[in-house]
Amino acid sequence: MPAVQETIDQVRGIDIDQYKYGFETVIEVDKAPKGLSEDIIRFISAKKQEPDWMLEWRLDAYKRWLTMEEPTWARVEYPKIDFNDIYYYAAPKNVTGPVSLDEVDPELLRTYEKLGIPLREQEILAGVQTSKVAVDAVFDSVSVVTTFKKELQKAGVIFMSISEAIREHPELIKQYLGSVVPTTDNYYATLNAAVFTDGSFVFVPKGVRCPMELSTYFRINEKNTGQFERTLIICEEGAYVSYLEGCTAPQRDENQLHAAVVELVALDDAEIKYSTVQNWFPGDKEGKGGIYNFVTKRGDCRGARSKISWTQVETGSAITWKYPSCILRGDDSRGEFYSIAVSNGHQQIDSGTKMIHLGKNTSSRIISKGISAGVSQNTYRGQVSIHRRAENSRNFTNCDSLLIGDKCGAHTVPYIEVKNQSAQIEHEATTSKISDDQKFYAMQRGIPEEEAIALIVNGFVKDVIQQLPMEFAVEAQKLIGISLEGSVG
Amino acid sequence: MLEIKNLHARIAEDGTEIIRGLNLTVKPGEIAAIMGPNGSGKSTLSYILSGREDYEVTEGDITYNGESILELDPAERASKGIFLAFQYPVEIPGVATMQFLKVAMNEQRKARGEDELTTPDFMRRVKEAAEQLKIDPAMLRRPLNVGFSGGEKKRAEILQMALLEPTLCILDETDSGLDIDALKIVADGVNALRSPDRAVIVITHYQRLLDYIVPDTVHVLYKGQIIRSGDKELAQELEANGYADVIETAA
């Protein structure tokens, strides 16, 4: 597999302390005053030129949030977050929303170029870039550009920033926003509802197969700024979309907060494939800095025979708190969760999924691969719940953990709840160490130590990598290699 | 080719001395059998030759083609041509046998400053070697050693040996767990690799394998030392009388 070679090359080329995406873009910024209050929420809503009902929605969420407690059940430790010490809105000056490509600040275009994100449609069309992917680029609190909008429009697909969608498609927003993750859902989701600044909106109408991959690329640039994005994807009857999400941030000594909400809705026979490669700055090797990633992602298989599939490769963030879930409401619907979570250095991951079986003949599949190195802690936390009416539902869960070295930890916390006798549940879990035997065996064949580890790790995550779209698969393997750099010895 | 001089080695973790002043010379083209009762240090010797970290050499030296290899790690020794066929080959889940072979062959070529193999060239070599060992091509697409039968594992070892073209092959109890048919296939594979510039060390408990891979020299290892050396008749003598006589004579 050529990707192994690429992993190795990447591992070689990069120093442990060199997070490749750690540069900062120097650009004039428009910020809200620091801290959180009703006034700040009004400020954000005004900046986004939102209708009154949206502002009310936010303020309701804020009032609710003030009464809530920060959850502490996850296996992560961090100093208390001062929510008044954060900027809730930061946008490149003179950018209030996406414009056409020609109008985008060249400094921003250069940033995305450096990140390897293709924004120039002409180049893509001219074949400079090989694959055609429509991108929504979110920089701090605003979407700066969305590519291929026109072409998607022809197919009837709406792909735009959520801020635009609130103005242009209020009926869809009113119908679907908060219908999967209600504003009352949890501490971070409620906070997000109050202060979310941008994100992507996708609507694929009945019977349409989205003609290209859609993707959103999130970048946190400003210091002390939280990113609160909100993504909403709707697939009507028989529609299909594959959506990719990528994230990076500059290298900073302070921790930064990222609290996103993603909602997916699949109606009858619809299918949504959502892939994430999360590469927020993980902190340096002493554990200083890094992103706190508190994310609520949930898909609602609302229609019969609908399907939602989450695939995630988590390599970044100082703290990850994330459980992409599926509500299997429609009969014969299917939910899938494929995850690779790599932790190194001082990273802490508490991640997993929930599969809530409500409809008849619903099925779900969970494949989770955790890799821990350094002094990191990596927890899989998953819930499979079969409700009373979910006749003949099935779940298969497989959680494997791989330890590199002896100072890290891997934990598996499965919750299984069955209220219908006809359910079939399978759970497999393994924890292994890259054994000295495996390493010695590979080295005895002439494969140097780091390459041997890369090979063994790539073998370990193969089931999940196969679920990713091609371009992402290669990227993901490289990332895993980079994340594990320095884990040897 | 291989020169072991007054070698003393112990288990790194607890300091137990296993090899206690071992001397052995193996010439190019030679097939040397190392025999001995259980616990005499046979497998340990194969690990020390191939550079496993769990053992520490406290005295003496191992030279290979005139150069000490004690400071080299296992991968470096492998690229110098030292190959160990494992008694218990290790499973590598998710890594197809074919993929493993390609990475290993190219890493060794890289270490020797040679170009990587082209895919067609690689495929041709694998196909030829697999046919000779009666290996089903489907097996090569399965993860290395995962769910392989005992015979398949040993054949996969010899396949790797054939493809990596080492100059010193160490076979550690290759006959264990093999039925007679599999044993013949494996022995044929080894015999096919015999050449004037390649040496083979056959580590075995029983004479049986030596009926098929006929040694030039036979050495008896006991308590970490070679206590007697001879030709192939020594192996037959051991088979007939057991190790007790030899041990007593030496003591």
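Salt bridges come first: in this predicted model, the structure holds 36 of them over all chains. One that I would like to show you brings together the side chains of Lys48(A) and Asp198(A), at 3.5 Å from N to O. Lys48(A) sits in the loop between α2 (38-47) and α3 (52-66) of chain A, while Asp198(A) sits in the loop between α9 (187-195) and β6 (200-204) of chain A, so the pair ties together parts that are 150 residues apart in sequence. Both partners, Lys48(A) and Asp198(A), are buried.

A second pair is formed by Lys307(A) and Glu271(A), whose closest N and O atoms are 3.8 Å apart. Here again distant parts of the chain are linked, since Lys307(A) belongs to strand β14 of chain A and Glu271(A) to strand β12 (residues 271-278) of chain A, with the two positions 36 residues apart. In contrast to the pair I began with, Lys307(A) counts as partly exposed, at 23% relative accessibility, and Glu271(A) is likewise partly exposed, at 25%.

The third pair is Glu449(A) with Lys439(A), where the closest N and O atoms are 3.0 Å apart. Glu449(A) lies in helix α11 of chain A and Lys439(A) in helix α10 of chain A, so this salt bridge ties together parts that are ten residues apart in sequence. Glu449(A) is partly exposed, with a relative accessible area of 24%, whereas Lys439(A) is buried, with 17%. To return briefly to Glu271(A) and Lys307(A), salt bridges that share partners join these two with Arg334(A) and Glu336(A) into one network.

Next, the loop that precedes β14. Ser306(A) is found in the loop between β13 (290-301) and β14 (307-314) of chain A, and at 1% relative accessibility it counts as buried. A polar atom of the Ser306(A) side chain lies 2.7 Å from the backbone oxygen of Gly303(A). Leaving aside neighbours within four places in sequence, the residues in contact with Ser306(A) include Ala266(A), Asp269(A), Cys301(A), Asp332(A) and Arg334(A), and Arg334(A) is also a member of the network I have just described.

Another buried position deserves some time, namely Lys369(A), which has its place in strand β19 (residues 363-372) of chain A. Is this lysine buried or exposed? With a relative accessible area of 5%, Lys369(A) is buried. Its side chain makes a polar contact with the side chain of Asp400(A), at 2.9 Å, and a polar atom of the same Lys369(A) side chain lies 3.5 Å from the backbone oxygen of Phe460(A). Not counting residues up to four places away in sequence, Lys369(A) also touches, among others, Ser339(A), Ile340(A), Asn398(A) and Asp463(A).

For chain A overall, there are 13 helices and 23 strands, and of its 489 residues, 63% count as buried. Of the contacts in chain A with a separation of 6 or more, 84% are accounted for by residues 24 or more positions apart.

That brings me to the interface, where 21 residues of chain A are in contact with 31 residues of chain B. The two chains bury about 2300 Å² between them, 62% of it on carbon and sulfur atoms. Phe440(A), Tyr441(A) and Arg445(A) supply 34% of the area that chain A buries against chain B, more than any other three residues. Between the chains we count two salt bridges, one of them between Arg52(B) and Asp437(A), with the closest N and O atoms 2.7 Å apart, and there are eleven residue pairs in polar contact, both residues at pLDDT 80 or more.

Which helix gives the most to the side of chain A that touches chain B? That is α10(A), with eight residues. The residues on that side of chain A divide into eleven nonpolar, five polar and five charged. Seven of the nine residues of α10(A) are buried, so this helix is largely enclosed by the rest of the structure; the buried ones include Phe440(A), Tyr441(A) and Met443(A). Just after α10(A), Gly446(A) takes a positive phi of about 100°.

Finally, the cysteines: a search of the whole structure finds zero disulfides over all chains. Why does Cys408(A) not form one? The closest cysteine sulfur, in Cys399(A), is 17 Å from the sulfur of Cys408(A), which is too far for a bond. Cys408(A) is buried, with a relative accessible area of 14%, and in chain B, Cys169(B) is buried too, at 0%.

Definitions and conventions
Residues numbered from 1 in each chain as written. Chains lettered and ligands numbered in written order. Predicted model: local features only at pLDDT ≥ 70, side-chain atom pairs only at ≥ 80, totals over all residues. Heavy atoms only, no water. Contact = heavy atoms within 4.5 Å. Buried area = accessible area lost by both parts, 1.4 Å probe. Salt bridge = Lys/Arg side-chain N within 4 Å of Asp/Glu carboxyl O. Polar contact = N/O pair within 3.5 Å; in protein donor to acceptor, adjacent residues only side chain to side chain. Helix = DSSP H or I, 4+ residues; strand = E, 2+ residues; numbered from the N terminus. Nonpolar A, V, L, I, M, F, W, Y, C, P; charged D, E, K, R; others polar. Disulfide = S-S within 2.5 Å. Buried < 20%, exposed > 50% of the residue type's maximum accessible area, 1.4 Å probe, protein only.
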